Amino acid sequence: MSARHPSIGYSLAVLFMLFSASQSLADLPTRDADVPLAYPVERLASAAISGGVPIDGIPSIDEPQFLSTEEADRYLSPDDVVFGVTVGDEAKAYPQRVLVWHEIVNDSMGGENISVTYCPLTGTALGFRRGKTSLGVSGDLVNSNLIMYDRATNSRWSQVLGTAISGPLKGQSLQEFPLLWTTWQQWKEKYPDTKVLSRTTGYARNYFSDPYGGYAPRSGYYASGGPTFPTLYEDSRLEPKEVVVGVRSAEGAIAFKKSALRQSLMAHHELNGMTFTAVYDASLDIVRIYLNPERSTFKHEDGQFYDGGQRWPADQLPLQALNAFEAMWFAWAAFYPETRLHE
Amino acid sequence: MSETAHWRAALRGVVHDGQSRHIVVWCTPLYAILYLWAIGDIHFHSWLPELSVIWTEDPVGLLFQQRNLFYFEGIAIINFPIATYLFSPTNLVIALLLAVLVGLNLAISWKRIRQAGRHRGQSSAALLVSIPALLAGTTCSAPVILVLLGIQASAAVLAFFSVLVPIALVLLIGALMFNLSHEGLKHERSEEGGRAEQEPPGIHTQ
């Protein structure tokens, strides 16, 4: 590089950086509008600690194999927790008893590459689009929550936030898709042709043992006590392991107490001029949250929601559905200390 | 007598002593099983599956793949009637190495305690010598202790666990060398004393 033409070298360097960044973004699709955060990403990055395992010490499943419903019945119990995904007519279930040992499955559905992620410590299951790359377990945690890394840029992503807190893609947020936390019995009743993640993962694990406890019934770490690792904020409005269903938007963050919604079946919450409507879907034991700008009201009748004119199942209300997910209260409050709580 | 000769003499003493030999023979497999259970390679259960072996798809590739420091991936799942064993040859070698060291240390310590019992003035010293071996063994049992006590691990404790195996190895090898040296020296002195008793009077030269 001649000293008389420094601008050529500078231009080439900038072009190379722009090309690399665009390639990285093509490898990993991100949202147009980033997920609302309560902290600067630098604060989150500085709060990250080692979870006691090295990078990929908890290996992701990168070549998942699947079983039919009949084959899965041989190793799943009706009350086993599964994380369900539907794309068009395709349905897949990812059993918690497998994901507890791997935390991330890099899969594809509907011709699109996806990552199904689960953090046992915070009780959170989220789905992300991963483009041409794959996600892995970094071994680090923030607010006791899984920090993922992408294998294209080695950026570090908080699972709950779906946002890179360090690395070349710092501040970017991943595109999410709904991942439903339900039971095997309920999922296969609703989607009898579902495929189920196989225990043939390429690794030797005892998939009949959960190192943290159990979900049917809830026991061990999942049932009581506080977080194992330090968090940025503590909120005592609920017990730390109480399950809430959370949603974050430009208006703010709201958490609905799931056990309350099992009883009330529907709840509305006003936040900064916007109405959020949560409905309980008994078919899958999940909570669905919608934006309800018109403040439409519904009554629950015979398992469906009636607005005075038509009847709607819980998953098809004539409102904008939001991507809500379950979390242990301590984790939701740690990431969103200003969160509203609807009990 | 050289240090190595002391150690060989001490090991011969352990092998030839019935109680010490039994301690090593029984302690080694028991400790190895306890260690493998503590790290999660052995799971005990109440159901009775048929004996079966399920190999991973790439056992050679997984042989030295680390899950953590001194903790390696398994290459097969072996189902026994009351237990499931995630077979990792590398973890098994580490378990056996630790178990043999613990067994030898316990055997030598027990031998010294028994001998101190015959000579009361030396009993306290014998116990003190045996402590390093016992403490070294418990570092590997720390995860088990936490589980039994229901203590949730903090990040600091988990980080400490990752270096427990090398710490235990250093302590166990150091304790064994110390114990073997003392046993070997005592053996040498007892042999010298025996030779001195056997020499007839009048032979002493100036």
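Trainee: What radius of gyration would a compact globule with 343 residues have, and what does chain A have?

Mentor: The radius of gyration is taken over C-alpha atoms, and the globule rule is 2.2 Å times the number of residues to the power 0.38. For 343 residues that is near 20 Å; chain A has 21 Å, which agrees. This is a predicted model: local features need pLDDT of at least 70, side-chain atom pairs count only at pLDDT 80 or more, and totals for chains, interfaces and linings use all residues. Residues are numbered from 1 along each chain as its sequence is written, chains are lettered from A and ligands numbered from 1 in the order in which they are written, and side-chain values use heavy atoms, with hydrogens and water left out.

Trainee: How many residues of chain A are buried, as a percentage?

Mentor: Buried means under 20% relative accessible area (1.4 Å probe, protein chains only). In chain A, 54% of the 343 residues qualify.

Trainee: Which residues touch the most other members of the largest nonpolar core?

Mentor: A nonpolar core is a set of buried Ala, Val, Leu, Ile, Met, Phe, Trp, Tyr and Cys residues joined through side-chain atoms within 4.5 Å. Here the largest has 77 residues, and A:Tyr94, A:Val116, A:Tyr118 and A:Trp332 touch the most other members. Helix H7 of chain A (residues 329-335) gives the largest share, six residues. Another core, of 33 residues, lies apart from it and includes B:Leu36 and B:Tyr85.

Trainee: What is A:Trp332 in contact with, leaving aside neighbours within four places in sequence?

Mentor: Contact means heavy atoms within 4.5 Å. The partners of A:Trp332 include A:Val244, A:Ile254, A:Phe325 and A:Thr339.

How values were computed
Buried means under 20% relative accessible area, exposed over 50%, partly exposed in between (1.4 Å probe, protein chains only). Helices (H or I, at least four residues) and strands (E, at least two) are DSSP runs, numbered from the N terminus.
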